[in-house]
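Biologist: I have a model open on my screen and would like to learn how to read it. Could you walk me through it?

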Amino acid sequence: MVSFTPDAYEEIIEHAREGKPYEICGVLGGRRDGDEARVEFVRRVENVSETPRVNYLMEPEDQLAAIDDVEERGDVVGFYHSHPEGPRQPSETDADRANWPRHSYVIVSLGRDEPFVGSWRWTGEAFDDEEVVVDSD
Amino acid sequence: MPTVRIPAVLSETGGSRNVEVDGDTVLAAVHAYTEEYGSELEDNVLGNGEVKEYINVYVNGKDVRDIDGVDTQVGDGDEIRIIPAASGG
């Protein structure tokens with residue numbers, strides 16, 4: 001399970017909306033303890049993909065700086081990106097390029113309905129769906 | 001000696017690691033790391049003698065692709081940092 005503070009949850013949705021029609025991305029910071037993770041803050045990272053409507057590639061120096069920022073305050077819980085027109089699930093490209101085992105890959109899907117936030121942990125071989133909750137505090 | 005700094009995802013011990021190794025280039029340092037700790041890091045980071053596409057290697061914060069790649073010179077006090085890129089569709 002991955003839980004979000006309300007501010008962190010709203011931040012990734014707002015980031016996705018601002019970026020539409022392009023994919024946006026960032027680093028999730030907080031605490032991880034085994035299968036349980038809590039996202040307490042997020043750090044936006046520039047998407048430098050040449051096809052940003054359908055792909056994301058974190059700008060390397062910005063990603064490095066973001067990880068440094070996050071590690072000063074806690075753990076790298078994982079990464080987030082958006083699917084401006086869906087789908088809710090990770091794409092084949094997401095699976096092909098995933099290379100942070102034991103970390104959460106969160107997708108903000110906009111599509112036509114209300115934003116959907118899903119999370120999958122990369123095992124090193126596949127994505128495992130994990131529950132997403134928003135803390136009440 | 002240079003220092004190799006890697007995140008937990010690249011460490012066979014499951015924890016992040018910051019260790020000093022021998023070597024006067026990035027390639028030599030990775031080889032030295034492999035001799036000490038096993039081949040997992042090298043297998044994850046290098047392919048055909050180059051840094052793999054979705055892996056980023058920095059020396060003192062500068063991307064080695066903008067310097068001399070795996071032949072980038074390193075020395076005492078230099079930090080080699082290896083970070084998997086985050087990307088997808």
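Modeller: Happy to; this is a predicted model, and we will go from the sheet to the helices and then to the chain contact.

Biologist: How do I read the sheet, and what is the order of its strands in chain A?

Modeller: The general idea is that strands of a sheet pair through backbone hydrogen bonds, either parallel or antiparallel. Here, eight strands of chain A form an open sheet in the order 8-7-6-5-2-3-1-9, and the pairing is mixed. Strand 8 (127-130) and strand 9 (132-134) of chain A are the edges, each pairing on one side only. On average, neighbouring strands are turned by 35° against each other, direction ignored.

Biologist: In which sense do strand 2 and strand 5 of chain A pair?

Modeller: Strand 2 (residues 25-33) and strand 5 (residues 75-83) of chain A are antiparallel, with six bridges. To find the pairing on screen, look for A:Cys25, which stands opposite A:His81 in strand 5 of chain A.

Biologist: Which strands of chain A does helix 2 lie across?

Modeller: Helix 2 (residues 60-73) of chain A lies across strand 2, strand 3 and strand 5 of chain A, at about 140° to strand 3. Helix 1 (residues 6-19) of chain A runs at about 40° to strand 3 of chain A.

Biologist: How many residues does each chain bring to the contact?

Modeller: Chain A brings 22 residues and chain B brings 12 residues. Helix 2 of chain A gives the most to the chain A side, with four residues. That side divides into 12 nonpolar, seven polar and three charged residues.

Biologist: Which strands pair between the chains?

Modeller: Strand 4 of chain A pairs with strand 8 (residues 87-88) of chain B, antiparallel over two bridges. There, A:Leu57 has B:Ser87 as its bridge partner.

Definitions and conventions
Residues numbered from 1 in each chain as written. Chains lettered and ligands numbered in written order. Predicted model: local features only at pLDDT ≥ 70, side-chain atom pairs only at ≥ 80, totals over all residues. Pairing = 2+ DSSP bridges. Axes fitted to C-alpha atoms, helices over the stretch in contact; angles between N-to-C directions. Contact = placed C-beta atoms within 7 Å. Nonpolar A, V, L, I, M, F, W, Y, C, P; charged D, E, K, R; others polar.
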